[in-house]
Amino acid sequence: MEIKPEKKQFSKQLTHFHLRLQLELGKKVGIQELAEMIGVSAPQISRWMKTNQNILPGGPSAIMLINFFVDYFGEEALVLYDALGWERPKVSKRGRTT
């Protein structure tokens with residue numbers, strides 16, 4: 001099975017933000033803890049980060065994930081929308097996508 005370019009890009013970006021979050025918080029954040037912080041399951045996060053599966057988040061899960069990283073890194077995290085091939089939403093004053 002050939003992995004789609006958008007999946008490779010999304011996994012790369014998600015891993016990047018996961019590592020940056022750990023630097024920001026000054027501690028290791030495992031997949032289980034990250035999943036709890038975002039409000040999704042650990043297996044979901046794991047599948048999204050893997051580069052050997054064509055599984056991408058969709059709908060509410062993707063929005064929750066991206067909003068989580070927008071809270072930490074601002075509009076820079078909107079590259080996750082780009083990786084999904086979605087149009088970037090506007091960011092509200094509170095930093096959430098709308």
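At 0% relative accessibility, Leu21 counts as buried, and this residue belongs to helix H1 of what is a predicted model. When residues up to four places away in sequence are set aside, the contacts of Leu21 are Leu34, Met37, Phe68, Phe69, Tyr72 and Phe73. Among these partners, Leu34 and Met37 are contributed by helix H2, whereas Phe68, Phe69 and Phe73 appear among the buried residues of helix H4. Between the C-alpha atoms of Leu21 and Ala42, by contrast, there is a distance of 16 Å, with 21 residues separating the two in sequence.

Helix H1 itself comprises 21 residues and spans 30 Å from its first C-alpha to its last, close to the 30 Å expected at 1.5 Å a residue. Its buried residues are Lys7, Phe10, Ser11, Gln13, Leu14, Phe17, His18, Leu21 and Gln22, and the elements that cover them include H2, H3, H4 and H5. Residues three or four places apart in an α-helix point the same way, because such a helix has 3.6 residues a turn. Just beyond the end of H1, Gly26 adopts a positive phi of about 70 degrees.

Gln22, also in H1, is buried as well, since its relative accessible area of 17% falls under the 20% limit that defines burial. A polar atom of the Gln22 side chain is located 3.2 Å from the backbone nitrogen of Val29. Apart from its neighbours within four places in sequence, Gln22 is in contact with Lys27, Lys28 and Val29.

Two packed helices are described by the angle between their axes and the distance between the axes. For H1 (residues 5-25) and H2 (residues 31-38), the axes lie 12 Å apart and the packing angle is about 85 degrees; the two helices are therefore roughly perpendicular to each other. His18, Leu21 and Leu25 form the H1 side of this contact, while Ile31, Leu34 and Met37 form the H2 side. By class, the participating residues are five nonpolar and one polar, with no charged residue.

The pairing of H1 with H3 has another geometry, in which the axes come within 8 Å and cross at roughly 120 degrees, an angle that makes H1 oblique to H3. Here Lys7, Phe10, Ser11, Leu14, Thr15 and His18 of H1 meet Ile45, Arg47, Trp48 and Met49 of H3, and the contact contains five nonpolar, three polar and two charged residues. In the loop that follows, between H3 and H4, lies Thr51, which touches Ile3 and Ser11 when residues up to four places away in sequence are not counted. The C-alpha atoms of Thr51 and Gln9 are separated by 9.1 Å, although the two residues are 42 residues apart along the chain.

Helix H4 (residues 59-73) has 15 residues and extends 21 Å from its first C-alpha to its last, close to the 21 Å expected at 1.5 Å a residue. Ser61, Ala62, Leu65, Ile66, Asn67, Phe68, Phe69, Val70 and Phe73 are its buried residues, and their cover includes H1, H2, helix H3 (42-49) and helix H5 (79-84). Just after H4, Gly74 takes a positive phi of about 65 degrees.

Conventions. Residues numbered from 1 in each chain as written. Predicted model: local features only at pLDDT ≥ 70, side-chain atom pairs only at ≥ 80, totals over all residues. Heavy atoms only, no water. Axes fitted to C-alpha atoms, helices over the stretch in contact; angles between N-to-C directions. Helix = DSSP H or I, 4+ residues; strand = E, 2+ residues; numbered from the N terminus. Parallel < 35°, antiparallel > 145°, perpendicular 65-115°, else oblique. Contact = heavy atoms within 4.5 Å. Nonpolar A, V, L, I, M, F, W, Y, C, P; charged D, E, K, R; others polar. Buried < 20%, exposed > 50% of the residue type's maximum accessible area, 1.4 Å probe, protein only. Expected span 1.5 Å × (residues − 1). Polar contact = N/O pair within 3.5 Å; in protein donor to acceptor, adjacent residues only side chain to side chain.
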